[in-house]
Amino acid sequence: MTEHRPIQIVVGLGNPGDRYALTRHNAGFWFVDRLAQEYGGAFREDRRHQGEVARIRVQGADVLLLKPTTFMNCSGASVRSLAAYLKVPPECVLVAHDELDLPVGTVRLKKGGGPGGHNGLKDVIAHMGREFFRLRIGIGHPREQRGEVIDYVLNRPGREDHAQILGAIEAAAEALQVMLVDGEQKAMHQLHTLPPPAAD
């Protein structure tokens, strides 16, 4: 039986600055911001690790939250720096990110795999390998040309989409508690058996 190793670092991927704060591409930031709000964490700049770091306690476990401030496509150095400093192995790291290939309001948990076209994930993999966990927060897909996709992720979602993404983040925050206590399989089951988001 595989030993359960709890998550010690939760990373939210996004772009720093007010210009990007409410864009779809920052769904990972939204997730760790929600965790900080829920558990009383306060983000502080940590230049050594090229990011903002907060400490929370969930179900009796100490968890560090990280928002790399390197911009999305260069996130890996920040994640690797903090993980190496704390001697945290990749399988104890959870990276939350926006996911074009999932419907709006859907959230999925997985371990390992490739970047799936996500440049932030690609850079984390380059620095950390593939064995970390990913929290994939669905933002939908415009199904248009590449330029349309870039505009889509770097713009704000509409009101209904925004509400559905926040709902997915709430569900993911609840699943993190399960993951820390009972492991990833139960957390996956909880997330993956949620009813689909209501149609517009």
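This is a short walk through the structure, from its sheet to its largest pocket. The model is predicted.

Start with the sheet. Seven strands form it, and the sheet is open. Read across it and the order is β2-β3-β4-β1-β5-β7-β6. The pairing is mixed. The edge strands are β2, residues 44–46, and β6, residues 107–111. Each of these two pairs on one side only. Neighbouring strands in this sheet are turned against each other by 30° on average, ignoring direction.

Now look at one pair of strands. Strand β3 covers residues 51–58, and strand β4 covers residues 61–68. The two run antiparallel. Eight bridges join them. Find R57, then look across to β4: D62 stands opposite.

Move next to the other end of the strand order, where β7 and β6 come last. Helix α6, residues 184–192, lies across β6 and β7. Strand β7 spans residues 133–138. The helix runs at about 155° to β6.

Finally, turn to the largest pocket. Its volume is about 500 Å³. Its lining has 21 residues, and those closest to the pocket centre are H25, G117, N119, I150 and V153. Which elements each supply at least two residues of the lining? They are β5 (93–99), α3 (119–128) and α4 (146–153). The largest share comes from α4, with four residues. What classes of residue make up this lining? Seven are nonpolar, ten are polar and four are charged. Strand β5 links the two parts of this tour: it sits between β1 and β7 in the sheet order, and it supplies at least two residues of the pocket lining.

Notes
Residues are numbered from 1 along each chain as its sequence is written. This is a predicted model: local features need pLDDT of at least 70, side-chain atom pairs count only at pLDDT 80 or more; totals for chains, interfaces and linings use all residues. Side-chain values use heavy atoms; hydrogens and water are left out. On a 1 Å grid over the protein atoms alone, a cavity is a set of points where a 1.4 Å probe fits but cannot get out, and a pocket is an open set with protein on both sides within 12 Å along at least five of seven lines; lining residues have an atom within 4 Å of a point. Grid points are joined across faces, edges and corners, and a volume is the space filled by probe spheres set on the points. Ala, Val, Leu, Ile, Met, Phe, Trp, Tyr, Cys and Pro count as nonpolar, Asp, Glu, Lys and Arg as charged, and the others, Gly among them, as polar. Two strands pair if DSSP finds at least two bridges between them. Axes are lines fitted to C-alpha atoms, for helices over the stretch in contact, and angles run from 0 to 180 degrees between N-to-C directions. Contact means heavy atoms within 4.5 Å.
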